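Visitor: I have a model open on my screen. Could you walk me through the fold, one question at a time?

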Amino acid sequence: MYADFLTPTDAVIKHLFDPRYPNKFIPLQGKYLYLQHYLRSHWQEICGYNLAHRCGVEKLVGDELYIRTAHSLLANELYMMQDLFLQKINAYLLGALVIKKLYFHTGSFYRRQEQQQKSEQDCYVPREYTTCPKCGARMEKGMEMCSVCDRQERNQVRAYVAELLRIQPWLTYDDCKAYYKCDKILFTAVKDNLKNYYFERVRLGYADKKESLLAVLFLTEKQPEALTPAMYENALAYLRRDQSVLAFGSRLYGKK
């Protein structure tokens, strides 16, 4: 009933940072706190269910976002993919603010928002430890596996996803979940790497028939039976003449 009288969150964000509306009565820090809350609320949509339970938004300071991770290996892995992470985060901010830098911190990671908001005056709770179900190493209680096994499993899933996409380049993230359990950022990173590899092979003239077909399938995201000879040739011509092919380009067959 009352929802009809509330302003949508997207509209609030645009209004807060719209230069046509100075919002003199709203302090700048208050705007950043609202954006920080907005990112936390959409965190699972940004990075997927699995990754959202192992990292979270710590704070937003200007155009810099601080992210806390469950362990150092995950922080290093996210740092290597920070360009993709920045792209997805900025897409959810609707252009109101562009995050330019990400900082990844390790330490105690709280899985629930309520636990993140606890004050420093809370009494100290000693850590509990258990053994990793895979290798038997000592780890904190509550983790599915130790950091070493977790990284090995992610590398294995990355290899499986890459092999799957070489067979079915048109698959989406939702399709992939039917085969392997992986988060959205890992899937997108693997697919973008494969796209860039085959696109570049075609552009430089090194691609054989199989690699050319894979490049076209990655570009069009169509299954082979849906491709016509004209679509295939047009896609190859586009890839060969474009000197700065990006995996997330939206142009397919149009003129430059």
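## Cysteines, sheet and cores

Visitor: How many disulfides does the count come to?

Guide: This is a predicted model, so the answer rests on computed positions. A disulfide needs two cysteine sulfur atoms within 2.5 Å. By this rule, the count is zero.

Visitor: Which cysteine sulfur is nearest to that of Cys149, and how far away is it?

Guide: Cys149 is buried, at 7% relative accessibility. Cys149 is in no disulfide. The cut-off is 2.5 Å. The nearest cysteine sulfur belongs to Cys146, at 3.5 Å.

Visitor: What about Cys176: which cysteine sulfur is nearest, and at what distance?

Guide: Cys176 is buried too, with a relative accessible area of 0%. Cys176 is in no disulfide either. The nearest cysteine sulfur is that of Cys182, 4.1 Å away.

Visitor: Now the sheet. In what order do the three strands lie?

Guide: The sheet is open, and its pairing is mixed. Strand 1 and strand 3 (101-105) are the edge strands, each pairing on one side only. From one strand to the next, the twist averages 25°. The order is 1-2-3.

Visitor: Do strand 1 and strand 2 pair in the parallel or antiparallel sense, and over how many bridges?

Guide: Strand 1 covers residues 55-61, and strand 2 covers residues 64-69. Gly56 stands opposite Arg68 in strand 2. The pairing is antiparallel, over six bridges.

Visitor: Which residue takes a positive phi in the hairpin of strand 1 and strand 2?

Guide: Two residues lie between the strands of this hairpin. One residue there has a phi near 60°. That residue is Gly62.

Visitor: Strand 2 and strand 3: parallel or antiparallel?

Guide: Five bridges join strand 2 and strand 3. Ile67 has Phe104 in strand 3 as its bridge partner. The sense is parallel.

Visitor: What angle does the direction of helix 6 make with that of strand 3?

Guide: Helix 6 spans residues 82-92 and packs on the sheet. Helix 6 touches strand 2 and strand 3. Its direction makes an angle with that of strand 3 of about 115°.

Visitor: Is Thr69 buried or exposed?

Guide: Thr69 sits in strand 2. A polar atom of its side chain lies 3.1 Å from the backbone oxygen of His71. Buried means under 20% relative accessible area. Thr69 has 0%, so it is buried.

Visitor: How far apart in space are Ser41 and Val57?

Guide: Ser41 lies in helix 2 (residues 28-41). Ser41 is partly exposed, with a relative accessible area of 45%. Ser41 and Val57 are 16 residues apart in sequence. C-alpha to C-alpha, the distance is 9.8 Å.

Visitor: On to the cores. Which helix gives the most to the largest nonpolar core?

Guide: This core has 29 residues, and those with the most contacts inside it include Val161, Leu165 and Phe187. The elements that give two or more residues are helix 8 (147-167), helix 9 (173-176), helix 10 (184-204), helix 11 and helix 12. Seven residues come from the top contributor, helix 10.

Visitor: Which residues does Leu165 touch, leaving out those up to four places away in sequence?

Guide: Leu165 is among the residues with the most contacts inside the largest core. Beyond four places in sequence, Leu165 touches Leu171, Phe187, Val190, Lys191, Leu194 and Phe218.

Visitor: How many residues does the second core have?

Guide: This core is separate from the largest one. Tyr32, Ile67, Leu78 and Ile99 are among its members. It has 28 residues.

Visitor: Which side chain makes a polar contact with the side chain of Glu211?

Guide: Glu211 lies in helix 11. Glu211 is buried, with a relative accessible area of 14%. It touches Tyr197, Tyr198, Arg201 and Tyr206, leaving out residues up to four places away in sequence. The polar contact, at 3.3 Å, is with Arg201.

Visitor: What is the phi of Glu221?

Guide: Most residues other than glycine have a negative phi. Glu221 is not a glycine, yet its phi is positive. Glu221 lies in the loop between helix 11 (209-220) and helix 12 (229-241). Its phi is about 55°.

Key: Residues numbered from 1 in each chain as written. Predicted model: local features only at pLDDT ≥ 70, side-chain atom pairs only at ≥ 80, totals over all residues. Heavy atoms only, no water. Helix = DSSP H or I, 4+ residues; strand = E, 2+ residues; numbered from the N terminus. Core = buried A, V, L, I, M, F, W, Y, C linked by side-chain atoms within 4.5 Å. Buried < 20%, exposed > 50% of the residue type's maximum accessible area, 1.4 Å probe, protein only. Contact = heavy atoms within 4.5 Å. Polar contact = N/O pair within 3.5 Å; in protein donor to acceptor, adjacent residues only side chain to side chain. Pairing = 2+ DSSP bridges. Axes fitted to C-alpha atoms, helices over the stretch in contact; angles between N-to-C directions.
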